[in-house]
Amino acid sequence: MKKFINAVDNVLAESLDGFASAHADLVMLGAERKFVRRRELNPKKVALVSGGGSGHEPLHAGFVGYGMLDAACPGQVFTSPTPDQIVEAAQAVAGDAGVLFIVKNYAGDRMNFEMAAEIAEGRTATIVTDDDVAVEKSTYSIGRRGVAGTLIVEKIVGAAAEKGADLASCVALGERVNAQTRSMGVALTSCTVPAAGTPTFALGEDEMEMGVGIHGEPGRRRVKLAAADAIAAEMTTAIAEDLGARAGAEALLLVNGFGGTPTIELYLMYNAARRMLESRGLRIARSLVGSYATSLDMAGCSLTVSLLDAETAALWDAPVRTAALRW
């Protein structure tokens, strides 16, 4: 294992210290590094809180700031944050309008956020994201997994909250965006969890895992490596057929790297995916390409398609100032 590490037990703490220092104009750490919160809070708006295991950076801490999250709770690598982390984060950012938890559909995340919601004072509500079409259940989830589409929910709902939407409206909007969003991933290599020191799974030099999860969970099938167009065709077919979008519908296309894939290859995949989606009658109205919901050092990518209407397109375009997204 070759990684930039001083001590395995200190990886997360030292990374969080670096993140908070590098983006001190936007964020600050909570006590004992239990959460990352916006430096400048707006007590009149609905506060958005998310989180999950570390190793997926910039998800979620990288999306804390104006127009997205008010706080994010980082668990240990691929490990859910604890209820006390979530409660303390909610208390730190909550205002009169309540707190909205945005939770990826993994058993540990759901259980701990549900416990936190029961403990937390004041009004709370929860959105669960489950955009992965690859499998109906997985190692850590009952039902579809929440993956890169989560950041689209966070961005659109975050913009609405900044504009003064109330808690019920934010929940309804988030559920609508999640229902219109589908993702699928493919891995060319495994990831290596620092504490383990060895790859999570083994792939042959000529193999890929189609439908892989962001923790290295098994996908639909293991197949021989294919050309980028063939990979994009399988992924876009699965996404488009599940969405059932009408011809002429506008969509956001996100090509997300898993951490070990060069940007040049991500744009190549974007080109292939866009051509194939447009051939199905979709109009790609918004785009995002980069590594946003990663799996440590895994080589691979995911494709996410989110259908847009006039409201959600405008909210996507609304200003955002976070470490990972700014416009």
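A residue is called buried when its relative accessible area is under 20%, exposed when that area is over 50%, and partly exposed in between. By this yardstick Asp317, at 38% relative accessibility, counts as partly exposed. The model described here is a predicted one, and a good place to meet Asp317 is the salt bridge that its side chain makes with Arg286, at 2.7 Å from N to O. Arg286 lies in strand S12 and Asp317 in helix H8 (residues 310-317), so this pair ties together parts that are 31 residues apart in sequence. Arg286, at 23% relative accessibility, is also counted as partly exposed, because its value falls between the two limits.

Strand S12 (residues 283-290) leads on to its neighbour, strand S11 (residues 250-257), with which it pairs in the parallel sense over seven bridges. Within this pairing, Asn256 is found opposite Gly290 of S12. Helix H7 (residues 263-279) joins the two strands in a β-α-β unit, and the unit is right-handed. S11 has a further partner in strand S13 (residues 300-307); here the pairing is antiparallel, again with seven bridges. Leu253 has Val305 of S13 as its bridge partner. How much of S11 is buried? Seven of its eight residues are, and the strand is therefore largely enclosed by the rest of the structure.

Helix H7 also packs against helix H6, at an angle of about 50° and with the two axes 9 Å apart. This angle makes H6 oblique to H7, and the crossing of the two helices is right-handed. Elsewhere, helix H2 and helix H3 (residues 107-119) cross at roughly 50°, their axes coming within 8 Å. H2 is thus oblique to H3, and the crossing of H2 and H3 is right-handed.

Both H6 and H2 can be followed further through their charged residues. Side chains of opposite charge can pair when their charged atoms come close. In this model the count comes to 20 salt bridges. One of them involves H2: the side chains of Lys34 and Glu88 meet at 2.8 Å, N to O. Since Lys34 lies in the loop between strand S1 (27-29) and strand S2 (36-38), and Glu88 in helix H2 (residues 83-93), the pair ties together parts that are 54 residues apart in sequence. Are these two residues buried or partly exposed? Lys34 counts as buried, with 16% relative accessibility, whereas Glu88, at 27%, counts as partly exposed.

Helix H6 takes part in another such contact, in which the side chains of Arg144 and Asp242 form a salt bridge of 2.7 Å, N to O. Arg144 belongs to the loop between strand S7 (124-129) and helix H4 (149-162), and Asp242 to helix H6 (residues 228-243), so the pair links parts that are 98 residues apart in sequence. Arg144 has a relative accessibility of 16% and so counts as buried, while Asp242, at 29%, counts as partly exposed. Finally, there is a network of salt bridges, which links Arg38, Lys45, Asp70 and Glu162.

How values were computed. Residues numbered from 1 in each chain as written. Predicted model: local features only at pLDDT ≥ 70, side-chain atom pairs only at ≥ 80, totals over all residues. Heavy atoms only, no water. Buried < 20%, exposed > 50% of the residue type's maximum accessible area, 1.4 Å probe, protein only. Helix = DSSP H or I, 4+ residues; strand = E, 2+ residues; numbered from the N terminus. Pairing = 2+ DSSP bridges. Right-handed = clockwise from strand over helix to strand, strands pointing away. Salt bridge = Lys/Arg side-chain N within 4 Å of Asp/Glu carboxyl O. Axes fitted to C-alpha atoms, helices over the stretch in contact; angles between N-to-C directions. Parallel < 35°, antiparallel > 145°, perpendicular 65-115°, else oblique. Left-handed = near helix turned anticlockwise from the far one by under 90°.
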